[in-house]
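Q: I have a structure in front of me and don't quite know how to read it. Could you walk me through a few features?

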Amino acid sequence: MPPRDSSSVRITTARTSAADDLAGRQRRYLFSMTVRTACVVGAVSVGPGLLRWVLVAGAVLLPYVAVVLANNQTRSDDGFELRETRVARELN
């Protein structure tokens with residue numbers, strides 16, 4: 001019997017389609033930018049004080065967080081491993 005290809009992809013661990021992945025990234029980024037806009041509007045409308053600086057910090061830091069979250073790749077892992085592959089790794 002020929003050896004199995006250990007790099008094969010199971011359907012449960014396959015990535016989502018490119019269109020679904022892009023739509024998910026766009027939703028996450030849009031949500032983050034909506035929160036950032038609310039922080040900017042809130043910082044302008046709130047009087048001087050600690051809350052204003054918290055809102056300004058949120059408005060400054062959220063673009064970085066939004067980009068990191070939008071570029072996060074999701075991959076499901078069901079923990080399944082072929083027995084032959086596991087034994088081969090243990091022997092090496």
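What follows is a short talk about this predicted model.

Q: Let's begin with the overall layout. How many helices and strands are there in the protein chain?
A: You can count three helices and zero strands. Reading from the N terminus, the order of elements is α-α-α.

Q: How much of the protein chain counts as buried?
A: For this, look at how much of each residue a probe can still reach: under 20% relative accessible area is called buried. Here the protein chain has 92 residues, and 15% of them count as buried. As for the surface, about 7,600 Å² is exposed, with carbon and sulfur atoms supplying 63% of that area.

Q: Which residues make up the largest nonpolar core?
A: The idea is to look for buried nonpolar residues that are joined through their side chains. In this model the largest such group has five members: Cys39, Ala43, Leu55, Ala59 and Leu62. Two elements each give two or more residues to this core, namely helix 1 (18–45) and helix 2 (50–70). Helix 2 provides the largest share, with three residues.

Q: What does Leu62 touch, apart from residues up to four places away in sequence?
A: Contact here is about heavy atoms that come within 4.5 Å. Leu62 touches Ser32, Met33, Val35, Arg36 and Cys39. Take Ser32, one of those partners, and look from the other side: Ser32 lies in helix 1, and beyond its sequence neighbours within four places, Ser32 is in contact with Leu62 and Ala66.

Q: Is Ser32 buried or exposed?
A: Ser32 has a relative accessible area of 8%, so it is buried.

Q: What about Gly24: buried or exposed?
A: Buried, because its relative accessible area is 10%. Gly24 is in helix 1 too. Try finding Ala70 as well: Gly24 and Ala70 are 46 residues apart along the chain, and their C-alpha atoms are separated by 8.0 Å. For the whole protein chain, take the contacts between residues at least 6 apart in sequence: 68% of them join residues at least 24 apart.

Q: How many salt bridges does a search of the whole structure find?
A: For a salt bridge, you look for a side-chain nitrogen of Lys or Arg within 4 Å of a carboxyl oxygen of Asp or Glu. The search finds one. The side chains of Asp21 and Arg25 form a salt bridge, at 3.2 Å from N to O. Both residues sit in helix 1, four residues apart, which is about one turn of the helix. Asp21 has 22% relative accessibility, so it counts as partly exposed.

Key
Residues numbered from 1 in each chain as written. Predicted model: local features only at pLDDT ≥ 70, side-chain atom pairs only at ≥ 80, totals over all residues. Heavy atoms only, no water. Core = buried A, V, L, I, M, F, W, Y, C linked by side-chain atoms within 4.5 Å. Buried < 20%, exposed > 50% of the residue type's maximum accessible area, 1.4 Å probe, protein only. Areas by Shrake-Rupley, 256 points an atom, 1.4 Å probe, with all protein chains shown as cover.
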